[in-house]
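Visitor: Could we go through this model together? I should like to begin with the overall fold and then turn to the details.

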Amino acid sequence: MIDKKIIKNQIKDAIDKILVKGLGKRANGKVRDWFVKDNLRILISTDRISAFDKVLGLVPNRGAVLNKLSEFWFEATRDIVQNHMIGTIDPNVMLVSQCATIPVEVVVRGYITGVTDTSLWKQYSDGKRTIYGIKFPDNLKKNQKLKKFVITPTTRATGPNGHDEPITKAEIISKKLVTVTNWAKIEKIALSLFQRGTDIYSKKGFILADTKYEFGLDHRGKIILIDEVHTPDSSRIWQKASYAKRFKNGEEMENFDKETMRLWFVSQGYHGRGKAPKMPEDLVVELSQKYQEVYEKVTGVKFTTDPTIKPKERIVQNLVKLT
């Protein structure tokens with residue numbers, strides 16, 4: 001287990017934003033900053049963490065874990081689909097190729113769960129039985145395994161204040177967000193990626209309950225995988241060993257993902273509207289611990305940081321090399 005004292009000492013150095021001159025046009029989303037230079041995108045994973053379409057705090061090492069874990073998964077899935085990763089120059093920084101982003105987020109689910117407005121369980125518990133254009137039977141329970149994987153797409157929010165909205169396959173086609181041919185390819189790719197993620201996570205003692213994929217078109221018009229892959233931010237990841245007992249007892253799963261944070265905010269009565277309460281230190285430490293544990297178990301590599309230099313200073317030093 002990652003030492004809590006070490007993480008507590010790192011909270012003050014958690015990475016909010018990175019500013020470096022000479023790297024091209026700068027932009028930012030909810031949790032990433034990026035620069036565009038010479039047809040390359042320099043992606044910086046910060047320690048900002050978001051839920052309910054809002055940035056809700058900083059979690060030390062979050063950005064590095066997600067960046068390095070995505071690097072692992074990009075390499076582990078190249079045989080299924082090519083991706084935009086060129087390489088990493090820092091634990092928090094990935095160089096990627098520019099592409100035309102497909103304006104749909106492809107969410108694949110193996111279980112019915114979640115507390116956000118776009119989640120299956122939230123809509124199901126509100127009484128809906130046709131969700132994302134898919135019919136679900138009565139009497140399902142929260143966190144129940146579905147008979148087969150389902151794809152529940154959303155619109156792709158842009159900018160730090162964007163909101164994802166549920167959308168159906170028929171709407172994607174009718175609105176010409178994606179061509180019929182490309183959507184068929186994306187569905188096949190997404191299901192293959194999810195099966196790969198499910199298999200690897202299972203071997204490491206986890207359940208991949210659901211995840212989000214984003215895709216783009218490269219300069220040849222070919223579909224490629226972008227953004228992040230199978231991370232605790234983009235996925236719901238559960239402890240495999242305790243699933244059966246907890247599901248039988250109607251208990252929450254042992255989450256190793258952002259759901260830990262979502263559940264805390266919901267317990268405080270916050271669902272994304274109004275002023276958000278501040279995350280307590282213990283929750284921040286728990287999130288950092290869980291993220292690092294997922295990284296270590298999946299990759300087989302110990303997560304380490306250089307204690308002699310602050311993360312922000314290290315990132316800037318490595319970015320300056322690109323100017």
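Visitor: What radius of gyration does the protein chain have, and what would a compact globule with 323 residues have?
Guide: This is a predicted model. The protein chain has a radius of gyration of 19 Å, which agrees with the value near 20 Å for a compact globule with 323 residues. The C-alpha trace spans about 55 × 50 × 40 Å along its principal axes.

Visitor: How many helices and strands are there in the protein chain?
Guide: There are nine helices and 15 strands.

Visitor: Now helix 9. Which of its residues are buried?
Guide: Helix 9 comprises residues 311–320, and R314, I315, N318 and L319 are buried there. These four lie on the same side of helix 9, because they cover an arc of only 130° around the axis.

Visitor: Why would such a spacing put residues on one side?
Guide: An α-helix has 3.6 residues a turn, so residues three or four places apart point the same way.

Visitor: What covers the buried residues of helix 9?
Guide: The cover includes strand 3 (40–45), strand 6 (85–90) and strand 7 (93–97). Strand 7 is itself mostly covered, with four of its five residues buried.

Visitor: How does strand 7 pair with strand 3, parallel or antiparallel?
Guide: The two pair in the antiparallel sense over five bridges. I42 has L95 in strand 7 as its bridge partner.

Visitor: And what joins strand 6 to strand 7?
Guide: Four bridges do, and these strands run antiparallel. M85 stands opposite V96 of strand 7. Strand 6 and strand 7 form a hairpin, with two residues between them.

Key:
Residues are numbered from 1 along each chain as its sequence is written. This is a predicted model: local features need pLDDT of at least 70, side-chain atom pairs count only at pLDDT 80 or more; totals for chains, interfaces and linings use all residues. Side-chain values use heavy atoms; hydrogens and water are left out. Buried means under 20% relative accessible area, exposed over 50%, partly exposed in between (1.4 Å probe, protein chains only). The arc is that of the directions from the helix axis to the C-beta atoms. Contact means heavy atoms within 4.5 Å. Two strands pair if DSSP finds at least two bridges between them. The radius of gyration is taken over C-alpha atoms; the globule rule is 2.2 Å times the number of residues to the power 0.38.
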